[in-house]
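Thanks for making time this morning. I would like to walk through the salt bridges of one model, and where their partners sit.

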Amino acid sequence: MRKNLLWLGSLILAVSILRIGWCSDDLKSPQSMLRMSPTSPPSPVSQVDDSIFWMSYDDSSALYYFPIPDAYDDHYFNVRFTAPGPDSCRLLSAAFMFRRMPNDTTTISRDLHILVFRGTPGGLLPAGPPDSSAIDSVLVPGNQVLVFPETTFVDLSDLNLSFAFNERFHVGWEPYWASADTGIRAILADDGIPSTNYSCEWWGGTHDGWGTMLDDWGHAVNFMLSVEILNLIEPEAVPHWIQPGEPVVFNLLN
């Protein structure tokens with residue numbers, strides 16, 4: 001009888017924890033991902049010509065979504081890209097698929113900070129903490145952040161960023177916390193099949209480091225985040241910044 005009571009008490013405690021939404025930063029798993037009804041939003045990208053094209057890794061079918069902030073102190077959801085070559089390329093724009101949180105009726109998002117991070121040569125993650133690996137950024141006003149089924153396009157051409165053949169870079173986002181406290185937005189992701197390692201995050205708290213979605217969550221979803229690039233004619237490597245354009249000092253705007 002006592003064993004049964006102990007078991008019942010444990011069950012009640014577990015149910016109570018689930019109801020109040022408590023979670024440890026060590027409980028990430030595929031089961032703890034926020035899931036939506038499978039849906040196929042219109043593809044945000046298409047081939048422009050042989051020198052201007054879009055790069056993406058998702059399968060255009062949304063199944064999961066990841067908000068900032070969340071219960072795990074996650075930040076800077078991003079996707080890793082590799083300059084395709086055979087020449088250098090220039091970063092032109094990015095496309096994001098966002099959604100409102102369930103039961104959220106806000107029409108305006110917080111302003112969003114769209115960031116470009118330096119990649120690790122041959123590696124999977126940005127080259128250092130966010131403040132040291134960030135190359136540059138743009139700020140998108142909240143009233144320009146669109147939600148599913150519409151796509152948020154962000155012009156990055158004014159950053160004058162270029163990358164050499166096979167160079168890795170990451171494009172991600174973060175709410176601009178100094179902006180008005182309005183709607184929370186979440187980025188959409190596919191079902192993670194087949195498994196990849198392109199999508200990454202900064203897991204704060206006691207972890208305080210970069211990780212792929214596969215490493216952190218145990219399931220390799222792809223964020224619905226694409227970039228448009230221009231293949232440059234000149235085959236030699238060029239600076240990260242096409243002059244003029246290099247900032248004197250870059251600071252994260254959080």
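Let me begin with a pair of charged residues: Lys28 is buried, and Glu201 is buried as well, where buried means under 20% relative accessible area, exposed means over 50% and partly exposed lies in between, with a 1.4 Å probe and protein chains only. Before going further, please keep in mind that this is a predicted model, in which local features need pLDDT of at least 70 and side-chain atom pairs count only at pLDDT 80 or more, while totals for chains, interfaces and linings use all residues. Residues are numbered from 1 along each chain as its sequence is written, and side-chain values use heavy atoms, with hydrogens and water left out.

Lys28 and Glu201 form a salt bridge, their closest N and O atoms being 2.6 Å apart; by salt bridge I mean a side-chain nitrogen of Lys or Arg within 4 Å of a carboxyl oxygen of Asp or Glu.

Lys28 also forms a salt bridge with Asp74, with 2.7 Å between the closest N and O atoms. Asp74 belongs to strand S4 (residues 74-82) and Lys28 to the loop between helix H1 (2-20) and strand S1 (34-39), so this pair ties together parts that are 46 residues apart in sequence; helices (H or I, at least four residues) and strands (E, at least two) are DSSP runs, numbered from the N terminus. Asp74 has 0% relative accessibility and counts as buried, and Lys28 has a relative accessible area of 10%. Lys28, Asp74 and Glu201 are thus linked in a network of salt bridges.

The structure holds three salt bridges, and one of them joins Arg185 to Asp104, with the closest N and O atoms 3.4 Å apart.
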